[in-house]
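Colleague: I have not seen this model before. Could you take me through it?

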Amino acid sequence: MALTRSALRLFSVRFTQACQVRGYADAPSMSLTFAAPSQVLYNNASVKQIDVPSFSGSFGILPAHVPTLAVLKPGVVTVFENDGSTKKFFVSSGTVTINEDSTVQLLAEEAVPVDTLDISAAKELLAQSQSQLASASSDVAKAEAEISIEVSEALVKACE
């Protein structure tokens, strides 16, 4: 009888704990602040999801996401708005901060709407960057050219 009570008590405690666990994306939306030095793209705007490119891998952010700090790599940030529309922005670099209260701060060095990019200009920039790397004589010049190539390749990919 004592064993049955103990088992029942243990079961009820574990069942209660399991029911109280917070599931993923419990919050209906999250607040996004997305800015670059020359403009604010979103200011505490309510959105459904954000997809970001980071050096640890591209990932999606939903409401109630685990708090995270990540460095952005060159690529496309996609914002899924509450009305179902999506907006895409090319970022060259920056940071993303995800807070416990479902607020997200995305700070980019450069952010440009993808639909305003010109693929021929991006390919020309890539060719210039590759020639800079070929003619680089110092380690600093080589590193700068490699960074320029990485950004240019991401630009071309974003345009395609």
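Modeller: What follows goes from the overall layout to the cores, then to single strands, helices and residues. Please keep in mind that this is a predicted model.

Colleague: Understood. How many helices and strands does the protein chain have?

Modeller: The protein chain has 3 helices and 9 strands. From the N terminus, their order is α-β-β-β-β-β-β-β-β-β-α-α.

Colleague: What share of the residues is buried?

Modeller: Of the 160 residues in the protein chain, 32% are buried. The accessible surface amounts to about 10,000 Å², and carbon and sulfur atoms account for 56% of it.

Colleague: And among contacts between residues at least 6 apart in sequence, how many join residues at least 24 apart?

Modeller: That share is 52% in the protein chain.

Colleague: Let us turn to the interior. Which residues of the largest nonpolar core touch the most other members?

Modeller: They are L32, F34, I50, V52, I61, V96 and L106, in a core of 22 residues. At least two residues of this core come from each of β1 (30-36), β2 (39-52), β3 (59-61), β4 (68-72), β5 (75-81), β6 (86-91), β7 (94-98) and β8 (103-108). Another core, of 9 residues, lies apart from it and includes A122, L126, L155 and V156.

Colleague: Take V52, then. What is V52 in contact with, leaving aside its neighbours within four places in sequence?

Modeller: With that restriction, V52 is in contact with G57, S58, F59, I61, L72, V77, V96 and L106.

Colleague: V96 appears there, so I would like to look at β7. Which side chains of β7 point to one face and are buried?

Modeller: Those of G94, V96 and I98 do, while T95 and T97 point to the other face and are not buried.

Colleague: What is the sense of the pairing between β7 and β8?

Modeller: The two strands pair in the antiparallel sense over 5 bridges. In this pairing, I98 stands opposite V104 of β8. The hairpin of β7 and β8 has 4 residues between the strands, and S102 takes a positive phi near 65° there.

Colleague: And how many bridges join β4 to β7?

Modeller: There are 5 bridges between β4 and β7, which also run antiparallel. One pair to look for is V71 with its bridge partner T95 in β7.

Colleague: Now the helices. Why does the span of α2 agree with expectation?

Modeller: Helix α2 covers residues 119-135, and at 1.5 Å a residue its 17 residues should span 24 Å; the end C-alpha atoms are 24 Å apart, so the two values agree.

Colleague: Which residues of α2 are buried?

Modeller: A122, L126 and S129 are buried in α2. These residues lie on the same side of α2 because they cover an arc of only 65° around the axis. A134 and S135, on the other side of α2, are exposed.

Colleague: What covers the buried residues of α2?

Modeller: The cover includes α3 (139-159). That helix has 21 residues and reaches 30 Å from its first C-alpha to its last, close to the 30 Å expected at 1.5 Å a residue.

Colleague: What do the buried residues of α3 pack against?

Modeller: They pack against β5, β6 and α2. The buried residues themselves are A145, I149, V151, S152, A154, L155, V156 and A158.

Colleague: You mentioned β5. Is T78 in that strand buried or exposed?

Modeller: T78, whose place is in strand β5, has a relative accessibility of 10%, so T78 counts as buried. Leaving aside neighbours within four places in sequence, T78 is in contact with Q49, I50, D51, T86, K87 and K88.

Colleague: What about S31, buried or exposed?

Modeller: S31 lies in strand β1. Its relative accessible area is 18%, and the cut-off for buried is under 20%, so S31 is buried. Beyond neighbours within four places in sequence, S31 is in contact with N44, A45, S102, T103 and V104.

Colleague: One last residue. Where is L62 found?

Modeller: L62 is in the loop between β3 and β4. L62 counts as partly exposed because its relative accessibility is 38%. The C-alpha atoms of L62 and S29 are separated by 7.8 Å, and the two residues are 33 residues apart along the chain.

How values were computed: Residues numbered from 1 in each chain as written. Predicted model: local features only at pLDDT ≥ 70, side-chain atom pairs only at ≥ 80, totals over all residues. Heavy atoms only, no water. Core = buried A, V, L, I, M, F, W, Y, C linked by side-chain atoms within 4.5 Å. Buried < 20%, exposed > 50% of the residue type's maximum accessible area, 1.4 Å probe, protein only. Contact = heavy atoms within 4.5 Å. Areas by Shrake-Rupley, 256 points an atom, 1.4 Å probe, with all protein chains shown as cover. Expected span 1.5 Å × (residues − 1). Arc of directions from axis to C-beta. Pairing = 2+ DSSP bridges.
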